[in-house]
Amino acid sequence: GRLFFRRDFIMTDRDGNPKVKASTSWLVLNLDTRRLVRDPHLLDEGTVCSENVLEKPADKVVMPKDVEVQLVNEHFVGYSDLDMNGHANNAMYMQWAMDAVDHEMAMSRPVRELTINYNHEAKPGDKVVIYRAVEEKEDGTHVYVEGKVEDTSSFIVELLF
């Protein structure tokens, strides 16, 4: 895409059968200005994915409209949450999301799919208020977890059990 750099992955079993497919999309930011960088020379660095492992890109995740949203946790961003750029590491969002899932569901049912949208950085000392909504659909139980800093969405995750 014009703004995003994709990184796709396939994990296979010993026989080469796909077991996990993952697609990630990244923006490049200037660390000083926190503004988007559109450097065409990055395309020459071998960072462009030539194959798409998923048939269609992930949709934007939004909280469902007709489902009760519950406040489930508050997390203060600390040192162990940070990446080398000084904001919450995106891997922490999955950890915070799983901590927001009902314990019995998380222990008894595997996550079949997940989609994470990074919306805004969370910085050291920020209080991330974490909300959860659960929606039953034909294909399984969808759990939505959103983390907000003040009124700004930092991330939203959709987990399919």
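Where is the place of Leu 36 in this chain? Leu 36 sits in the loop between strand 2 and strand 3 (70–76). Before following that residue further, please keep in mind that this is a predicted model.

**Overall picture**

The chain has 2 helices and 7 strands. Along the sequence they come in the pattern β-β-β-α-α-β-β-β-β. A box of roughly 45 × 45 × 30 Å, taken along the principal axes, holds the C-alpha atoms of the chain. Of its 161 residues, 28% are buried. The chain's accessible surface is about 11,400 Å², and carbon and sulfur atoms account for 49% of that. Among contacts between residues at least 6 apart in sequence, 57% link residues at least 24 apart.

**The first hairpin and its surroundings**

Let us start at the N-terminal end of the fold. Strand 1 (residues 5–12) and strand 2 (residues 18–26) run antiparallel, joined by 8 bridges. Within this pairing, Arg 7 faces Thr 24 of strand 2. The hairpin has 5 residues between the strands, and Gly 16 adopts a positive phi near 85° there.

Trp 26 belongs to strand 2. Its C-alpha atom is 6.2 Å from that of Arg 6, although the two are 20 residues apart along the chain. Which residues does Trp 26 touch, not counting residues up to four places away in sequence? They are Leu 3, Phe 4, Phe 5, Arg 7 and Asn 90.

Two of these partners, Leu 3 and Phe 4, also appear in a nonpolar patch on the surface, together with Leu 27, Leu 29 and Leu 36. The five residues of the patch have about 390 Å² of accessible area together. So our opening residue, Leu 36, returns here as a patch member.

**Three residues compared by exposure**

The cut-offs are simple: under 20% relative accessible area is buried, over 50% is exposed, and values in between are partly exposed.

| Residue | Place | Relative accessibility | Class |
|---|---|---|---|
| Trp 26 | strand 2 | 36% | partly exposed |
| Leu 36 | loop between strand 2 and strand 3 | 32% | partly exposed |
| Glu 150 | loop between strand 6 and strand 7 | 72% | exposed |

Why does Glu 150 count as exposed? Glu 150 counts as exposed because its relative accessibility is 72%, and the cut-off for that class is over 50%. The loop that carries Glu 150 joins strand 6 (140–149) and strand 7 (152–160). Glu 150 is 46 residues from Glu 104 in sequence, and their C-alpha atoms are 30 Å apart in space.

**The nonpolar interior**

In soluble globular proteins, nonpolar side chains tend to be buried together. The largest nonpolar core here has 19 residues, of which Trp 96, Val 128, Val 143, Val 145, Phe 155 and Leu 159 touch the most other members. Helix 1 (90–100), strand 5 (127–137), strand 6 and strand 7 each give two or more residues to this core. Helix 1 makes the biggest contribution, with 5 residues. Apart from this core lies another, made of 5 residues and including Val 61, Met 63, Ala 133 and Ile 156.

Val 143, one of the best-connected members of the largest core, is a good place to look in detail. Leaving aside neighbours within four places in sequence, its contacts are Val 101, Met 105, Arg 132, Ala 133, Val 134, Val 157, Glu 158, Leu 159 and Phe 161. Among these contacts is Leu 159, itself named with Val 143 among the residues touching the most other core members.

How values were computed: Residues numbered from 1 in each chain as written. Predicted model: local features only at pLDDT ≥ 70, side-chain atom pairs only at ≥ 80, totals over all residues. Heavy atoms only, no water. Pairing = 2+ DSSP bridges. Helix = DSSP H or I, 4+ residues; strand = E, 2+ residues; numbered from the N terminus. Patch = residues over 30% accessible without salt bridge, like charges linked within 9 Å, V, L, I, M, F, W, Y side chains within 5 Å. Areas by Shrake-Rupley, 256 points an atom, 1.4 Å probe, with all protein chains shown as cover. Salt bridge = Lys/Arg side-chain N within 4 Å of Asp/Glu carboxyl O. Buried < 20%, exposed > 50% of the residue type's maximum accessible area, 1.4 Å probe, protein only. Core = buried A, V, L, I, M, F, W, Y, C linked by side-chain atoms within 4.5 Å. Contact = heavy atoms within 4.5 Å.
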